Amino acid sequence: MQRLVHRYTITPFQFHYVHESNKLKKYFTYKDKQNHLRRSSVVYKLTCTCGLNYIGQTRRNLITRINEHKFDQRSEVCKHLLAPKHHFNFKQPEILGSIVGQKKLHLLESHLIQQHQPDLNIDGSSIPLLLFNA
Ligand SMILES: [Zn+2]
């Protein structure tokens, strides 16, 4: 009889509650970074290790545009990279805003360029901001 009781005795379970929500967050960090670069219709900011920065926009995946900056010598970012000891964190560009529609995206980019005054944007803005400058 004792043998049977021992056989069917249920050992008590121990529950551990995870009450800090940021513990879960660390498991999704990698996925979030990937999604960040897959976003489209965004205005982004790249900052060099020297502190100079560039603001651009793309309707495509952000990673596609970022890769163009690395190798397209017409890009101000690429030109800046030719100077020794200058690096951009291409894996984590800052997304300043997002909006659907080409004209709206250009308008948002122009507004943010005026607001942030990035060092490496030679154009100043993609479209004139007559309404904002009046
Ligand atoms: Zn630099």
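This passage describes a three-stranded sheet, the helix that packs on it and the core they share. The structure is a predicted model, in which local features need pLDDT of at least 70, side-chain atom pairs count only at pLDDT 80 or more, and totals for chains, interfaces and linings use all residues. Residues are numbered from 1 along each chain as its sequence is written.

Helices (H or I, at least four residues) and strands (E, at least two) are DSSP runs numbered from the N terminus. Strands S2, S1 and S3 form an open antiparallel sheet in the order S2-S1-S3, where two strands are taken to pair if DSSP finds at least two bridges between them. S2 and S3 stand at the edges with a single partner strand each, so one side of each has no neighbour in the sheet. From one strand to the next, the twist averages 20°; axes are lines fitted to C-alpha atoms, for helices over the stretch in contact, and angles run from 0 to 180 degrees between N-to-C directions.

S1 and S2 are joined in the antiparallel sense by six bridges, and Val-42 has Thr-58 in S2 as its bridge partner. The hairpin of these two strands has five residues between them, and Gly-51 there takes a positive phi near 105°. The antiparallel pairing of S1 with S3 runs over four bridges, with Tyr-44 opposite Ile-95 in S3. H6 packs on the sheet and touches S1, S2 and S3, its direction making about 170° with that of S2.

H6 spans residues 102-116, and its 15 residues reach 21 Å from first to last C-alpha, close to the 21 Å expected; the expected span is 1.5 Å times one less than the number of residues. Gln-117, which follows H6, has a positive phi near 50°. A residue is buried if 20 or more other C-beta atoms lie within 10 Å of its own, exposed if 12 or fewer, and partly exposed in between, with C-beta atoms placed from the backbone. In H6 the buried residues are Leu-105, Leu-107, Leu-108, Glu-109, Ser-110 and Ile-113. These pack against S1 (42-47), S2 (53-58) and S3 (94-98); contact requires backbone-placed C-beta atoms within 7 Å.

A nonpolar core is a set of buried Ala, Val, Leu, Ile, Met, Phe, Trp, Tyr and Cys residues joined through C-beta atoms within 7 Å. The largest has 13 residues, of which Val-43, Tyr-44 and Leu-46 touch the most other members. S1, S2 and H6 are the elements that give two or more residues to this core. Leaving aside residues up to four places away in sequence, Leu-46 touches Asn-53, Tyr-54, Val-77, Phe-88 and Pro-93.

Conventions
Contact = placed C-beta atoms within 7 Å.
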